[in-house]
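Work through the exercises below with the sequence and the model open side by side. Each task is followed by a solution in steps.

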Amino acid sequence: MEKPQKGDWLFNHQERIQSLTAYQSSSPLTPNRQLNKIYLKPIGEFSALEWEQIKLTREYLEKFFQLNTILQSSVNSNVVPLQARRISQQHEQLLATYLRDTIVAMGRPKDAITILGISEMDLYPNDKWNFVFGMASYGKGLAVNSIYRFHQKPLTNKQFNLSLERLLKTASHEIGHMFGLIHCIEANCLMNGTNSLAETDKSIARLCSKCQRKLNSNLKYDNRKRLKELAAFFSQNKLTKEFKLINADLIVSGY
């Protein structure tokens, strides 16, 4: 990793290294016969192109985590009460912790190992922060992220791929947290913390080798199958940078 610059996540946040042993000792959420599906819960009103992105995200997450991933019906943002809203930077924001712990948790399916809310509106974690891209709970299997800052409205075909990349990264990052991965500070990795869209765009959708090993020790997927499915997804959706990285993994691994 490059030395953090002013404004970068690691410039202002002190993070620790998580070894494989520490990860396994942390008792991360682990799928079993009863709890084995990832659910996505859209919150708000989305355009046709935004819905297409959400559907592609469901497809991607299923390949990334190798777990059945189900898209739920959307929930209207009007269910969020006034005390969980604020006006900041000339637009309305929703309190991320309320969405995560109340709205996302509502009607939790019996087979859900994790549920990720995808909000149309901007999010804030507390009164001290301007915004947050997403927020996860490690133990509850609940998380939320927002598409608000990923593109200018209305979403256009010209913006589509960059916006989609941002959504894929943040969604898989938050679900990675729910499966016990903390922020990675050792290599360029999906689990790097990001403080801005510029930092998110510099980041990659690929797990570094250490974080991949941690996740695989928990979810026990067939890594050859996973890499091939991810490479096919990136190729089909013209996400060139991510395809090159995954394809290199396939070559190095002898797959």
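**Exercise 1. The two pockets**

Task: Classify the lining of the largest pocket as nonpolar, polar or charged, and find which elements contribute to the lining.

Solution. Step 1: sorting the lining residues of the largest pocket gives eleven nonpolar, 14 polar and four charged. The model is a predicted one.

Step 2: this lining consists of 29 residues, and those nearest the centre of the largest pocket are Trp-9, Trp-129, Val-132, Gly-134 and Thr-194. Two or more lining residues come from each of strand 7 (134-137) and helix 5. Helix 5 gives the largest share, five residues.

Step 3: the volume of the largest pocket is about 610 Å³.

Step 4: repeat this for the second largest pocket, which has about 370 Å³ of space. Its lining has 18 residues, with Met-1, Asn-188, Asn-192, Glu-199 and Lys-202 closest to the centre. Helix 1 (9-12) and helix 6 (197-202) each contribute at least two residues to that lining. By class, the lining of the second largest pocket holds seven nonpolar, six polar and five charged residues.

**Exercise 2. One residue of helix 5**

Task: Decide whether Thr-170 is buried or exposed, and list what Thr-170 touches beyond its sequence neighbours.

Solution. Step 1: Thr-170 belongs to helix 5, which covers residues 157-178.

Step 2: the relative accessible area of Thr-170 is 8%. Buried means under 20%, so Thr-170 is buried.

Step 3: with neighbours within four places in sequence left aside, Thr-170 contacts Phe-133, Asn-145 and Phe-150.

**Exercise 3. The two sides of helix 7**

Task: Work out how the buried and exposed residues are arranged around helix 7.

Solution. Step 1: in helix 7 (residues 209-219), the buried residues are Cys-211, Gln-212, Lys-214, Leu-215, Asn-218 and Leu-219. These residues lie on the same side of helix 7, because they cover an arc of only 160° around the axis.

Step 2: recall the general rule. An α-helix has 3.6 residues a turn, so residues three or four places apart point the same way.

Step 3: Ser-209 and Arg-213, on the other side of helix 7, are exposed.

Step 4: among the elements that cover the buried residues are helix 2 (20-25), helix 3 (48-65) and helix 8 (223-236).

Step 5: look just past the end of helix 7, where Lys-220 has a positive phi of about 55°.

**Exercise 4. Salt bridges between distant parts of the chain**

Task: For three of the eleven salt bridges in the structure, locate both partners and state how accessible they are.

Solution. Step 1: Asp-111 and Lys-37 form a salt bridge with an N to O distance of 3.2 Å. Asp-111 sits in the loop between helix 4 (96-103) and strand 5 (112-119), while Lys-37 is in strand 1 (residues 37-43), 74 residues apart. Both Asp-111 and Lys-37 are buried.

Step 2: the closest N and O atoms of Lys-140 and Asp-101 are 3.9 Å apart, and the two residues form a salt bridge. Lys-140 is in the loop between strand 7 and strand 8 (142-146) and Asp-101 in helix 4, 39 residues apart. Lys-140 is partly exposed at 47% relative accessibility, as is Asp-101 at 29%.

Step 3: Asp-249 and Arg-206 meet at 2.6 Å, N to O. Asp-249 lies in helix 9 (residues 240-252) and Arg-206 in the loop between helix 6 and helix 7, 43 residues apart. Asp-249 is buried at 17%, whereas Arg-206 is partly exposed at 21%.

Step 4: shared partners join Arg-100, Asp-101 and Lys-140 into one network of salt bridges.

Methods. Residues numbered from 1 in each chain as written. Predicted model: local features only at pLDDT ≥ 70, side-chain atom pairs only at ≥ 80, totals over all residues. Heavy atoms only, no water. Helix = DSSP H or I, 4+ residues; strand = E, 2+ residues; numbered from the N terminus. Buried < 20%, exposed > 50% of the residue type's maximum accessible area, 1.4 Å probe, protein only. Contact = heavy atoms within 4.5 Å. Arc of directions from axis to C-beta. 1 Å grid on protein atoms, 1.4 Å probe; cavity = no way out; pocket = protein on both sides within 12 Å on 5 of 7 lines; lining within 4 Å. Points joined across faces, edges and corners; volume = space filled by probe spheres on them. Nonpolar A, V, L, I, M, F, W, Y, C, P; charged D, E, K, R; others polar. Salt bridge = Lys/Arg side-chain N within 4 Å of Asp/Glu carboxyl O.
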